[in-house]
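Colleague: I'd like a close look at a single part of this one, and I'd be glad if you walked me through it slowly.

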Amino acid sequence: MMGPAHALSGAAAWVAVGAVAAVLDEPMPWPVLLVGALITAGAALAPDLDHRAATISRAFGPVSRWLCEVIDQLSAAVYRSTRGKGDARRSGGHRTLTHTWPWAVTCGAVAAAVTVYGGRWGVLAVLFVHMVLAVEGLLWRHARVSSDVLVWLLGLTSAWMLADILEEPGHGARWLFDGAGQQYLWIGLPIMLGALVHCVGDALTVSGCPVLWPIPIGRKRWYPVGPPKGMRFRAGSKVEVKVLSPIFMGLSAVGALVALRVIG
C-alpha cells in the first residue's frame with residue numbers, strides 16, 4: 001500500500017477499537033479517540049523506514065533520509081543472518097524486519113517508555129513525530145506542496161495542543177493505565193497497532209508481508225503472508241485508491257459515531 005491508504009487504515013483501526021470499547025461499556029474519552037486515531041495514522045507509515053523512497057523518508061528532511069538508509073541496511077543484515085533455506089537471497093531490506101510483529105511490539109514499548117519516563121517532553125516528542133507523519137499521510141496532497149517547515153510547525157502545534165487537552169482531568173492521560181507513574185502508557189498501543197495495520201495492508205498486495213517472522217513456515221522464516229494471489233493487488237492501484245481508501249474513510253466515520261455513542 002501507499003502512504004495515504006496506510007494512514008487511513010491506521011486511523012480506521014483505532015476508531016474501530018474505540019467503537020468496540022463503547023459497545024463493551026468502556027468508552028474512550030474523546031481526546032483519546034482523536035489522539036489515538038492520529039497517532040495510529042502516523043504510526044501506520046513508520047514501517048516503511050526501510051524504504052528510501054517512502055513517504056516517511058521525506059517527512060523529517062535529511063534526518064529521516066539518513067535513518068531510512070540505516071534501517072534498510074540493518075533490515076538487510078537481519079534478513080541475511082536469519083533467512084531459512086527457502087528464503088530467496090536479496091540485497092535490500094524493504095519489507096523485512098520493520099514489517100514484523102516483533103518490530104511493532106518493540107516500537108510500541110519504546111514509545112510507551114519514552115512517554116512515561118520522559119515526562120511532558122517525552123509525550124511531546126512522540127506526539128510531534130506522529131502528528132507530522134499523520135499530516136504526511138492524511139493530508140499528503142497539501143503536505144507535498146507545502147514546505148517541510150510548515151508541516152513541522154503544524155505537527156509541533158498539534159502536539160502541544162493535544163498534550164494540553166490530554167492533561168485535563170478525565171481527558172485521557174491515565175486512560176486504561178491509572179497506576180502511579182503510568183500516565184500516557186496507553187500511547188504505545190496505537191503505535192503498535194499502526195505498525196501491525198501497515199503489515200496487514202502490505203499483506204494484501206502482490207508481494208505479501210513477512211509479519212509472522214521469526215516463526216518458520218515450511219522452509220521459509222520470512223514467509224510472505226497474504227491472501228490467495230488472485231485476491232491481491234498492486235500498491236497504488238485503483239483497488240487501493242478507488243475502493244479501499246473510501247471504505248477506510250467510511251468505516252472511520254461510522255466507528256467514530258459509535259465510539260462517541262452518537263449511534264449504537
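Is Asp-72 buried or exposed, and at what relative accessibility?

Modeller: Asp-72 counts as buried, because its relative accessibility is 11% and the cut-off for buried is under 20%. Keep in mind that this is a predicted model. The mean pLDDT of the chain is 89, with 96% of residues at 70 or more. Among the elements, helix H2 (residues 30–43) has the highest mean pLDDT, 96, while helix H7 (residues 140–145) has the lowest, 59.

Now to the surroundings. Asp-72 sits in helix H4. Leaving aside residues up to four places away in sequence, Asp-72 touches Leu-49, Asp-50, Arg-52, Gly-92, Gly-93 and His-94.

The helix itself runs over residues 62–82, 21 residues in total. From first C-alpha to last, H4 reaches 30 Å, close to the 30 Å expected at 1.5 Å a residue. Asp-72 has buried company there: Ser-64, Cys-68, Ile-71, Ser-75, Ala-76, Val-78 and Tyr-79 are buried too. Those buried residues cover an arc of only 160 degrees around the axis, so they fall on the same side of H4. It helps to recall that an α-helix has 3.6 residues a turn, so residues three or four places apart point the same way. On the other side of H4 you'll find Pro-62, Val-63, Trp-66, Gln-73 and Ser-81, which are exposed. As for what covers the buried residues of H4, the list includes helix H3 (55–59) and helix H5 (101–117).

You'll probably eye the cysteine in that buried set. Cys-68 is buried, with a relative accessible area of 0%. The closest cysteine sulfur to that of Cys-68 belongs to Cys-107, and at 13 Å it is too far for a bond. Elsewhere, Cys-209 is also buried at 0% relative accessible area. The sulfur of Cys-209 has its closest cysteine sulfur in Cys-199, 4.1 Å away, and that is too far for a bond because a disulfide needs the sulfurs within 2.5 Å. A search of the whole structure turns up zero disulfides.

Stepping back from H4, the largest nonpolar core has 31 residues, and Trp-14, Leu-127 and Trp-186 have the most contacts inside it. Helix H1 (3–23), H2, helix H6 (119–138) and helix H8 (148–167) are the elements that give two or more residues to this core. H2 gives the most, with seven residues. If you click on Trp-186, you'll see that it touches Trp-14, Val-32, Val-35, Gly-36, Leu-166, Gly-172, Ala-173, Trp-175 and Phe-177, again not counting residues up to four places away in sequence. Apart from this core lies another, of 18 residues, among them Ala-46, Ala-59, Trp-103 and Val-132.

One more landmark ties back to H4. Ser-81, on its exposed side, is 46 Å from Val-23, C-alpha to C-alpha, and the two are 58 residues apart in sequence. Val-23 is in helix H1 and counts as exposed at 65% relative accessibility.

Key: Residues numbered from 1 in each chain as written. Predicted model: local features only at pLDDT ≥ 70, side-chain atom pairs only at ≥ 80, totals over all residues. Heavy atoms only, no water. Helix = DSSP H or I, 4+ residues; strand = E, 2+ residues; numbered from the N terminus. Expected span 1.5 Å × (residues − 1). Buried < 20%, exposed > 50% of the residue type's maximum accessible area, 1.4 Å probe, protein only. Arc of directions from axis to C-beta. Contact = heavy atoms within 4.5 Å. pLDDT = per-residue confidence, 0-100. Core = buried A, V, L, I, M, F, W, Y, C linked by side-chain atoms within 4.5 Å.
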